[in-house]
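Visitor: I have a structure open in front of me and would like to learn how to read its sheet and its cores. Could you walk me through it?

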Amino acid sequence: MGWPYIGQTLQLYSQDPNVFFASKQKRYGEIFKTHVLGCPCIMLSSPEAARFVLVTQAHLFKPTYPKSKEHLIGPSALFFHQGDYHIRLRKLVQGSLSLDSIRNLVADISSTAASTLDSWDGGHVLNTFQEMKKFSFEVGILAIFGNLEAQYRGELKRNYRIVDKGYNSFPTSLPGTPYRKAVLARKRLSKILGDIICERKDKRLLEKDLFGCLLNSENEKGELLTDDQIADNIIGVFFAAQDTTASAMTWIAKYLHDNQKALEAVKAEQNAIRKLNDESNQPLSWSQTRNMPFTHKVVLESLRMASIISFTFREAVADVEYKGYLIPKGWKVIPLFRNIHHNPEYFIDPQNFDPTRFEVWITIHLFNSHQPELHGSFWVCGQGNFCFFKSSSFIGAGGTKTQYIYAVWQWTPCLSRK
């Protein structure tokens with residue numbers, strides 16, 4: 001368990017986290033205990049154990065986050081809760097971001113992607129991840145609010161960036177610190193969202209976007225969500241959808257840049273779609289986004305390789321026994337998604353980027369919606385279809401520009417961040 005109080009936190013942060021977890025797993029097996037970040041923890045590195053915690057016995061493990069992060073997102077966000085409230089909100093979010101709902105956003109998302117790519121012209125230096133975050137935010141606005149006035153859009157974007165910058169900073173309330181600035185920006189976000197809520201209520205709109213669903217949802221007692229609950233869950237969706245999707249799209253660009261064979265296959269697939277659309281003067285269609293077999297494999301393999309969310313935190317709400325091991329009440333339980341994704345028992349030659357491995361994914365059932373522990377970053381936030389679609393649409397909307405981005409792009413390493 002390491003040193004008193006600090007446990008093995010120093011070992012975790014002084015070396016590659018993958019090496020830390022892999023060495024522990026090699027020594028102790030798929031279930032082992034440690035003490036990191038001030039908490040005693042149980043680490044789980046098998047699909048069966050992850051499914052036990054996240055699916056079959058999920059009621060025995062509650063989501064847990066540092067209080068500083070909960071304060072910035074909002075205490076009513078769905079991923080801070082269990083029980084009926086969590087189920088209600090999860091259904092609303094998943095329903096609003098389902099395939100049927102996304103279908104209506106195809107043209108707008110494709111247009112946003114094309115506009116983003118146009119803004120990259122001119123030979124200037126760009127930070128790929130930050131540009132992907134801008135794109136994800138714009139698409140998030142579309143999915144949550146539909147058509148939103150430019151004034152609200154700008155205010156939301158400006159204040160959300162401040163909150164995002166302070167989210168992972170040291171939580172101190174000293175004036176001028178990133179966290180203090182984030183807290184103040186979060187209050188402004190509540191005010192902005194409150195104004196939008198009042199405007200929608202006055203107009204009595206029954207929109208089917210996420211905002212409309214949250215605004216008009218009633219529980220069994222006929223109770224509506226409060227304005228604070230709506231605001232917290234909207235900001236929660238922004239947090240869940242933006243950075244993870246932007247990270248995934250950045251890694252997709254990098255992996256394609258480094259793998260010319262995969263790049264050529266993606267270019268051929270996308271250029272065929274682009275040629276067909278140019279001939280008929282039509283934009284990217286829903287059916288076309290569902291018919292990009294190799295592009296989809298590239299997205300899947302990029303998610304497996306990058307494992308955007310390496311693990312998630314749960315806390316045992318009671319003493320739990322699993323395979324003869326006791327998980328004490330109050331201990332943190334951490335399913336290690338990256339260890340699963342990079343385990344040669346499940347994926348041959350796991351360090352090699354090989355999209356063709358998913359040509360048999362339906363048969364082996366290792367990476368689909370029925371095996372959430374193998375793509376935890378999507379399953380945990382409940383927005384898998386939406387995030388996956390954004391990645392595919394961005395590549396698809398690029399058309400011939402996709403060739404420029406991936407073939408000509410100059411990749412320069414920046415400061416290393418674990």
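Visitor: Let me start with one residue: what does Met43 stand opposite in S7?

Guide: Keep in mind that this is a predicted model. Strands of a sheet pair through backbone hydrogen bonds, either parallel or antiparallel. Here, Met43 faces Ile334 of S7, and Leu44 stands opposite Pro335 in that strand. S2 and S7 (residues 332–335) run in the parallel sense, with 4 bridges between them.

Visitor: And in which sense do S1 and S2 pair?

Guide: That pairing is antiparallel: S1 (residues 31–36) and S2 (residues 39–44) are joined over 6 bridges. Look at Thr34, for instance, whose bridge partner in S2 is Cys41.

Visitor: What is the order of the strands in the open sheet?

Guide: The 5 strands follow the order S1-S2-S7-S4-S3, and the pairing is mixed. S1 and S3 (61–63) are at the edges with a single partner strand each, so one side of each has no neighbour in the sheet. On average, neighbouring strands are turned by 35° against each other, ignoring direction.

Visitor: Which strands does helix H2 touch where it packs on the sheet?

Guide: H2 (residues 17–28) touches S1 and S2, and its direction makes about 135° with that of S1. Helix H3 (residues 47–56) also packs on the sheet, touching S2, S3, S4 (314–316) and S7, with its direction at about 125° to that of S7.

Visitor: Now the cores. How many residues does the largest nonpolar core have?

Guide: In soluble globular proteins, nonpolar side chains tend to be buried together. The largest such core in this model has 57 residues, and those with the most contacts inside it are Phe145, Leu156, Ile196, Phe211 and Ile234. Several helices each supply at least two of its residues, among them H8 (128–145), H10 (178–203) and H12 (227–258).

Visitor: What is Phe211 in contact with, leaving aside neighbours within four places in sequence?

Guide: Its contacts are Ile144, Phe145, Ile196, Ile197, Arg200, Ile230 and Ile234. There is also a second, separate core of 15 residues, including Ile31, Ile42, Leu44 and Leu54.

Visitor: One last residue: is Ser217 buried or exposed?

Guide: Buried means under 20% relative accessible area. Ser217 has 10%, so it counts as buried. This residue lies in the loop between H11 and H12. Not counting residues up to four places away in sequence, Ser217 touches Arg88, Leu92, Glu223, Leu224 and Leu225.

Key: Residues are numbered from 1 along each chain as its sequence is written. This is a predicted model: local features need pLDDT of at least 70, side-chain atom pairs count only at pLDDT 80 or more; totals for chains, interfaces and linings use all residues. Side-chain values use heavy atoms; hydrogens and water are left out. Two strands pair if DSSP finds at least two bridges between them. Axes are lines fitted to C-alpha atoms, for helices over the stretch in contact, and angles run from 0 to 180 degrees between N-to-C directions. Contact means heavy atoms within 4.5 Å. A nonpolar core is a set of buried Ala, Val, Leu, Ile, Met, Phe, Trp, Tyr and Cys residues joined through side-chain atoms within 4.5 Å. Buried means under 20% relative accessible area, exposed over 50%, partly exposed in between (1.4 Å probe, protein chains only).
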